[in-house]
Amino acid sequence: MVVQEEISMKDFEELIKIKEINLIDVREVHEFKAGHVKGAVNFPMSEFGAKYQELTKDEVYYFICRSGNRSGMICEFLNLQGYHGINVLGGMLEWTGEVV
């Protein structure tokens, strides 16, 4: 069994101040365009099954969505495939930083 790795929003907000990370927003394109964390790459969940192999297994990826539910499912799936995904708990609903 693979244990899903998670990070609280508080810890995530501190982390991105001190370190460059791979942040993937799995919300749909229209949600992403309405506002996202600066530096995030949009990789919609609806396209994930066909495109996830574009990621590399030697990188750590942080995943965010609206609430943490979709990103959690993506992380669980990826971790079973041998990738390293970390779910950002609370998602954009709890994000207090700048939205671009």
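Mentor: Quick term before we start: two strands pair if DSSP finds at least two bridges between them. Also, keep in mind that this is a predicted model.

Trainee: Got it. So how many bridges link strand β4 and β5?

Mentor: β4 covers residues 60-64, and β5 covers residues 84-88. The two strands pair in the parallel sense, and the number of bridges is four.

Trainee: And which residue of β5 is the bridge partner of F63?

Mentor: F63 has its bridge partner in β5. Strand β1, residues 5-7, also runs parallel to β5, joined by three bridges. There, E6 is bridged to N87. For F63, the partner in β5 is again N87.

Trainee: How does the chain cross from β4 to β5, right-handed or left-handed?

Mentor: The chain leaves β4, passes through helix α4 (residues 69-80) and arrives at β5. That makes a β-α-β crossover, and its hand is right-handed.

Trainee: Is β5 mostly covered or mostly open?

Mentor: Buried here means under 20% relative accessible area. Four of the five residues in β5 are buried, so by that cut-off the strand is mostly covered.

Trainee: Now helix α1, residues 9-18: why do its buried residues line one face?

Mentor: The buried ones are M9, F12, E13 and L15. Looking down the axis of α1, they line one face because they fall within an arc of 160 degrees.

Trainee: What do those buried residues of α1 pack against?

Mentor: On the other side of α1, K10, K17 and I18 are exposed. The buried residues, in contrast, pack against β1, β2, β4, β5 and α5.

How values were computed
Residues are numbered from 1 along each chain as its sequence is written. This is a predicted model: local features need pLDDT of at least 70, side-chain atom pairs count only at pLDDT 80 or more; totals for chains, interfaces and linings use all residues. Side-chain values use heavy atoms; hydrogens and water are left out. Buried means under 20% relative accessible area, exposed over 50%, partly exposed in between (1.4 Å probe, protein chains only). A crossover is right-handed if, with the strands pointing away from the viewer, the path from the first strand over the helix to the second runs clockwise. The arc is that of the directions from the helix axis to the C-beta atoms. Contact means heavy atoms within 4.5 Å.
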